[in-house]
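Student: I would like a close look at one part of this protein, the site that UniProt annotates for binding. Could you walk me through it, starting with the overall setting?

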Amino acid sequence: MSSLLKRACGLLLGLAALQVLAQAMPAAQRFPGIGRAATAQEVQAWDTDVRPDFKGLPKGSGSVAKGQEVWEAKCASCHGVFGESNEVFAPLVGGTTDEDARTGRVGNLRRSDYPGRTTMMKLSQVSTLWDYINRAMPWNSPKSLSVEEVYGVTAYILHLGGVVPADFTLRDGNITQVQQKLPNRNGKTTDHGLWPGREFDGTTVPDVQGSTCMSNCSVEPKVASMLPDFARDAHGNLAEQNRLVGPQRGARTASPVAGGAAPVAAAPQVVAQAGPPGARATEAARARALAQASNCTACHAPDRRLVGPSWAEIAGRHKGNAAYLSGKIRAGGIGAWGNIPMPPQSLGEDDALLLGNWLAAGAP
């Protein structure tokens with residue numbers, strides 16, 4: 001080996017050693033003056049996931065009866081009293097059989113003629129159900145459920161799916177046994193690129209760096225399918241029915257797309273900060289901002305029906321009756337405008353009255 005080649009090899013080894021050393025150094029030493037190391041308490045606050053082996057699951061319990069109580073108050077308006085769901089959300093239960101519970105594989109998932117896929121058909125881990133409810137539900141107030149309520153709602157869904165009896169109490173101590181009763185517990189597949197499988201030329205190691213799937217990427221995305229014009233407004237403007245958090249904004253579907261062009265992603269909604277001069281206009285602006293912040297706009301639009309009646313319809317029926325409207329906002333109800341219930345809003349009396357006054361005045 002020549003001296004020049006030896007020096008080059010030495011330099012490369014030195015750079016590699018520096019890179020390893022840099023990766024091992026705390027961020028504060030690598031980037032002095034920028035940030036600080038997270039404390040153990042801060043890391044613990046973020047480390048809330050529940051794993052398939054139930055590591056991370058908090059101790060606690062919740063009965064099917066408790067879950068039904070929470071469900072009817074906070075969940076049924078979107079998912080149906082029995083998990084059958086309404087016209088907006090997909091059903092949670094159904095499509096599973098006693099044979100599925102025995103084998104751990106849902107047979108209807110293999111049928112192309114089966115009309116739909118429910119959550120219980122696809123669910124392979126109870127931990128996934130518990131973790132999702134704990135993090136994301138209910139829709140208008142994520143992470144607001146207590147540990148007992150999360151256990152209870154999980155137990156209620158499992159009961160609706162025929163996994164546990166009506167008098168069952170789900171606990172951290174028996175959830176492993178419940179896992180062994182899930183209809184699709186053996187239905188998972190590792191036959192794809194994250195694990196060794198047939199895809200990507202039969203990789204033998206997990207593609208954790210994404211090097212395979214990120215090669216030969218399409219330069220320009222192509223729209224393969226989209227809502228036809230006659231169906232775009234079937235359920236109101238989808239852009240107004242998405243939460244204001246996360247990357248999903250939805251497409252504006254209130255009107256057909258001219259010339260069949262691709263749907264336009266909705267811009268992030270802006271909460272009204274101020275109105276024109278005058279106390280009445282200011283109150284109206286506050287009410288509109290409160291309605292949007294409270295996710296009322298997920299079900300109600302100014303001039304058309306979404307899940308519930310429009311602001312204009314409500315104002316027309318209850319003009320001048322602010323007290324009644326504020327009471328209904330806080331109490332919730334069903335039957336006045338159809339079969340889809342409205343969940344009670346956890347607003348204070350002043351905020352509820354602000355919305356009631358605004359609606360009673362015509363929702364300007």
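What percentage of the 364 residues of the protein count as buried? And what surrounds the residues listed under "binding site"?

Tutor: Happy to! Please keep in mind that this is a predicted model. Of the 364 residues, 31% count as buried. The protein has 15 helices and two strands. Among contacts with a separation of 6 or more, 55% join residues 24 or more positions apart. The accessible surface amounts to about 22500 Å², and carbon and sulfur atoms contribute 57% of that.

Now to your site. The unreviewed UniProt entry lists C296, H300 and M342 under "binding site". These residues are spread over 47 residues of sequence, yet they cluster in space, with a largest C-alpha distance of 10.8 Å.

Let's begin with C296, which sits in the loop between α12 (279-293) and α13 (311-317). Its relative accessibility is 12%, so C296 counts as buried, the cut-off being under 20%. Setting aside residues up to four places away in sequence, C296 touches A291, W311 and Q345. Of these, A291 falls within the range of α12 and W311 within that of α13.

H300 is found in the loop between α12 and α13 too. With a relative accessibility of 11%, H300 also counts as buried. Once neighbours within four places in sequence are left aside, its contacts are L306, G308, P309, W311, I314 and M342. M342 is itself one of the residues in the UniProt list, so the contact between H300 and M342 links two of the annotated positions directly. W311 deserves a second glance as well: this residue touches C296 and is in contact with H300.

For a view of side-chain packing elsewhere, try the aromatic pairs, of which a search of the whole structure finds three. One of them is formed by W71 and Y156, a tilted pair at 5.6 Å centre to centre with 50° between the planes. W71 belongs to helix α4 (residues 64-74) and Y156 to helix α9 (residues 147-160), so this pair ties together parts that are 85 residues apart in sequence. Both partners are buried: W71 has a relative accessible area of 2%, and Y156 has a relative accessibility of 3%.

To return to your site, then, C296 and H300 are buried loop residues, and H300 is in contact with M342.

Notes
Residues are numbered from 1 along each chain as its sequence is written. This is a predicted model: local features need pLDDT of at least 70, side-chain atom pairs count only at pLDDT 80 or more; totals for chains, interfaces and linings use all residues. Side-chain values use heavy atoms; hydrogens and water are left out. Helices (H or I, at least four residues) and strands (E, at least two) are DSSP runs, numbered from the N terminus. Buried means under 20% relative accessible area, exposed over 50%, partly exposed in between (1.4 Å probe, protein chains only). Contact means heavy atoms within 4.5 Å. Accessible areas come from the Shrake-Rupley method with a 1.4 Å probe; for residues, only the protein chains shown count as cover. UniProt positions are given in the numbering used here, feature names are shortened, and annotations may be inferred rather than shown by experiment. Rings of Phe, Tyr and Trp (its six-membered ring) pair if their centres lie within 6.5 Å; planes under 30 degrees apart count as stacked, over 60 as edge-to-face and the rest as tilted.
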